[in-house]
Amino acid sequence: MITGSQMRAARALLGIDQKTLASLAGVSVPTIQRMESSPNTVRGVIESLTRVVSALEGAGVELIAEQAHSQACGRGVRLKEASSTQA
């Protein structure tokens, strides 16, 4: 659904801190901290995760899944697939 890195990147694009995201999502700051520290896909209470995703999307971020095409026209960033030639 979303990774910890995506959450941090989304906050950075929005220019908000963890406290603001927690407030927008109706969850606690420790919940945001725990989610963002996840090395891969965030796991936890589905309701909390859904609230965070909805808050990010409502604030203007499009979360793009692996191998998915973006439908939006705005600016954004996306991680490239790791290359075997990268150090």
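**Entry 1: contacts along the chain**

I began with the contacts in the protein chain whose separation is 6 or more, and I found that residues 24 or more positions apart account for 54% of them. I note here that the structure I am reading is a predicted model. Next I looked up the secondary structure, which comes to 4 helices and 0 strands, and the order of the elements from the N terminus on, which is α-α-α-α. I also looked up burial, and buried residues make up 28% of the 87 residues in the chain.

**Entry 2: helix α4**

I turned to α4, which takes in residues 46–58 and so counts 13 residues. From its first C-alpha to its last it reaches 18 Å, which is close to the 18 Å expected at 1.5 Å a residue. I then asked myself which residues of α4 are buried. I found S48, L49, V52, V53, A55 and L56 to be buried, and because they cover an arc of only 160° around the axis, they lie on the same side of α4. When I looked at the face turned away from that buried side, I found the exposed residues I46, E47 and G58 there.

I wanted to know what the buried residues of α4 pack against. Their partners are α1 (4–14), α2 (18–25) and α3 (29–36). I also wrote down that G60, just after α4, takes a positive phi of about 115°.

**Entry 3: helix α2**

I went through α2 in the manner of the previous entry, and I listed L21, A22 and A25 as its buried residues. They cover an arc of only 100° around the axis, which puts them on the same side of α2, whereas K19, S23 and L24 on the other side are exposed. The buried residues of α2 pack against α1, α3 and α4. After α2 comes G26, and I noted that its phi is positive, near 75°.

**Entry 4: L21**

I chose L21, a residue of helix α2, for a separate look. Is L21 buried or exposed? Its relative accessibility is 0%, and because buried means under 20%, L21 counts as buried. Leaving aside its neighbours within four places in sequence, I found L21 in contact with M7, R11, I16, I32, E36, V52, A55 and L56. I followed one of these partners along the chain: L56 is 35 residues apart from L21, yet the C-alpha atoms of the two are separated by 7.7 Å.

**Entry 5: how the helices cross**

I looked at α2 and α4 as a pair, and they pack at an angle of about 105°, with their axes 8 Å apart. That angle makes α2 roughly perpendicular to α4, because values from 65 to 115 degrees are counted that way. On the side of α2 the contact is made by L21, L24 and A25, and on the side of α4 by R51, V52, A55 and L56.

I then took up α1 and α3, which pack at an angle of about 120° with their axes 7 Å apart. These two helices are therefore oblique to each other. I listed G4, M7, R8 and R11 of α1 as making this contact, together with I32, M35 and E36 of α3.

**Entry 6: the nonpolar core**

I looked up the largest nonpolar core, which has 18 residues, and asked which of them touch the most other members. They are I2, M7, L21, I32 and V52. Each of α1, α2, α3 and α4 supplies at least two residues of this core, and the largest share, 5 residues, comes from α4. I added a general remark: in soluble globular proteins, nonpolar side chains tend to be buried together.

**Entry 7: S38 in a loop**

My last stop was S38, which I found in the loop between α3 and α4. S38 has a relative accessible area of 15%, and because buried means under 20%, this residue is buried. Not counting residues up to four places away in sequence, S38 touches G4 and R43. G4 had already come up in my notes, as one of the α1 residues in the contact with α3.

Technical notes
Residues numbered from 1 in each chain as written. Predicted model: local features only at pLDDT ≥ 70, side-chain atom pairs only at ≥ 80, totals over all residues. Heavy atoms only, no water. Expected span 1.5 Å × (residues − 1). Buried < 20%, exposed > 50% of the residue type's maximum accessible area, 1.4 Å probe, protein only. Arc of directions from axis to C-beta. Contact = heavy atoms within 4.5 Å. Core = buried A, V, L, I, M, F, W, Y, C linked by side-chain atoms within 4.5 Å. Axes fitted to C-alpha atoms, helices over the stretch in contact; angles between N-to-C directions. Parallel < 35°, antiparallel > 145°, perpendicular 65-115°, else oblique.
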